[in-house]
Amino acid sequence: MEVFDRYESPLGTVILTADDQGLTRLYFQGAPDAPEGLENQLPKAQDDEFIQEGKHWLHGYFEGRHLGWRPPLHLKGTDFQQQVWKVLLTIPFGTTVTYGEVAREVAGACHKEKMSARAVGGAVGSNPVCLIVPCHRVVGASGSFTGYGGGLKRKVKLLELEGVDVSQFTMPKKSRFL
C-alpha cells in the first residue's frame, strides 16, 4: 500500500510517497507538473521507514550537504525511462549536464549509435522522484534552463544550493515552468 507525508523545505512543501519497496514519488506541492491531490488519495504515513529516510535525505540536502547515499527508490516507468533515470542518478552533486549528454549515455547503455535528446527530455520530465533523481541538473545545450517540473525558479535555487554558477545559463522567455 502506498502512503504519503509532507516535508517543509525552504522552497516549499515537498510531498513524498512510498510503498513497501521504497520512495515512489517526491515532488513540490503545487508545482507545474505536480500530481494534483495525490496526497488526498493516499493514507498518511505512520512512521514509514522509506518516508523517514527521504525526509532525512531532504534535510541534509537543503543544508547543502551531499550525503553520499540515497533512500531506497521504487521508480515505476518504462524500460527507457528507467534507463534515463539511472543515468540521472550518476550526475554528481553540484554539476550540470545537457540533455544531449544524457542521450549519449543512454545510447551507449542501450548499445545504440545515438539517441534523441528530445526523447530523453520526455523521460527526464516524467521523473517521479525529483531531487533524489536529480533532473534539476539537466540543462539545454544552448545554455538554457529549459524545463523543470518543480518550476524554473526552484531549479535555479537548487543549483545555487549545490554551488553551481547559474550566471552561465539563461532563462527561457516562454515556458510553462516559469
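**Entry 1: Leu 58 and the nonpolar core**

I began with Leu 58 in this predicted model, and, setting aside residues up to four places away in sequence, I found that Leu 58 touches Tyr 7, Val 14, Leu 16, Leu 26 and Leu 131. I then looked up the largest nonpolar core, which holds 55 residues, and noted that Leu 58 is among the members that touch the most other members, together with Leu 26, Val 84, Leu 88, Val 102 and Leu 131. Helix α2 gives the most to this core, with six residues. As a general remark, I wrote down that nonpolar side chains in soluble globular proteins tend to be buried together.

**Entry 2: aromatic rings**

How many aromatic pairs does the count come to? I arrived at five aromatic pairs. In one of them the ring centres of Trp 57 and Tyr 61 are 5.3 Å apart and the planes stand at 10 degrees, so I entered the pair as stacked. Trp 57 and Tyr 61 both lie in helix α2, four residues apart, which is about one turn of the helix. I checked burial as well: Trp 57 is buried, with a relative accessible area of 9%, and Tyr 61 counts as buried at 1%. The rings of Tyr 61 and Phe 62 have their centres 5.4 Å apart, but here the planes are at 85 degrees, so I recorded this pair as edge-to-face. Phe 62 is buried too, with a relative accessible area of 12%. Finally, I noted that Tyr 7, Trp 57, Tyr 61, Phe 62 and Phe 93 form one aromatic cluster.

**Entry 3: Ser 9**

I turned next to Ser 9, which has its place in strand β1, residues 3–9, and is buried, with a relative accessible area of 11%. What does the side chain of Ser 9 reach at 3.0 Å? I found the backbone nitrogen of Leu 11 at that distance, while the backbone oxygen of Gly 12 lies 2.6 Å from a polar atom of the Ser 9 side chain. Leaving aside neighbours within four places in sequence, I listed Val 14, Phe 28 and Phe 62 as the residues in contact with Ser 9.

**Entry 4: salt bridges**

I searched the whole structure for salt bridges and found six. In one of them Asp 19 pairs with Lys 76, the closest N and O atoms being 3.7 Å apart. Asp 19 lies in strand β2 and Lys 76 in the loop between α2 and α3, so the pair ties together parts that are 57 residues apart in sequence. Is each partner buried or partly exposed? Asp 19 is buried, with a relative accessible area of 9%, whereas Lys 76 is partly exposed, at 47%.

I also looked at Glu 162 and Arg 137, whose side chains meet in a salt bridge at 2.8 Å, N to O. Glu 162 lies in the segment after α6 and Arg 137 in the loop between α5 and β5, so this pair ties together parts that are 25 residues apart in sequence. Both Glu 162 and Arg 137 are buried.

Another salt bridge that I noted joins Lys 157 and Glu 160 at 3.9 Å, N to O, and both of these residues lie in helix α6, three residues apart, about one turn of the helix. Lys 157 is partly exposed, with a relative accessible area of 46%, and Glu 160 counts as partly exposed at 38%. My last note on this topic is that salt bridges sharing partners join Asp 5, Lys 44 and Lys 55 into one network.

Definitions and conventions. Residues are numbered from 1 along each chain as its sequence is written. This is a predicted model: local features need pLDDT of at least 70, side-chain atom pairs count only at pLDDT 80 or more; totals for chains, interfaces and linings use all residues. Side-chain values use heavy atoms; hydrogens and water are left out. A salt bridge is a side-chain nitrogen of Lys or Arg within 4 Å of a carboxyl oxygen of Asp or Glu. Helices (H or I, at least four residues) and strands (E, at least two) are DSSP runs, numbered from the N terminus. Buried means under 20% relative accessible area, exposed over 50%, partly exposed in between (1.4 Å probe, protein chains only). A nonpolar core is a set of buried Ala, Val, Leu, Ile, Met, Phe, Trp, Tyr and Cys residues joined through side-chain atoms within 4.5 Å. Contact means heavy atoms within 4.5 Å. A polar contact is a pair of N or O atoms within 3.5 Å; within protein, one must be able to donate a hydrogen and the other to accept it, and residues adjacent in sequence count only if both atoms are side-chain atoms. Rings of Phe, Tyr and Trp (its six-membered ring) pair if their centres lie within 6.5 Å; planes under 30 degrees apart count as stacked, over 60 as edge-to-face and the rest as tilted.
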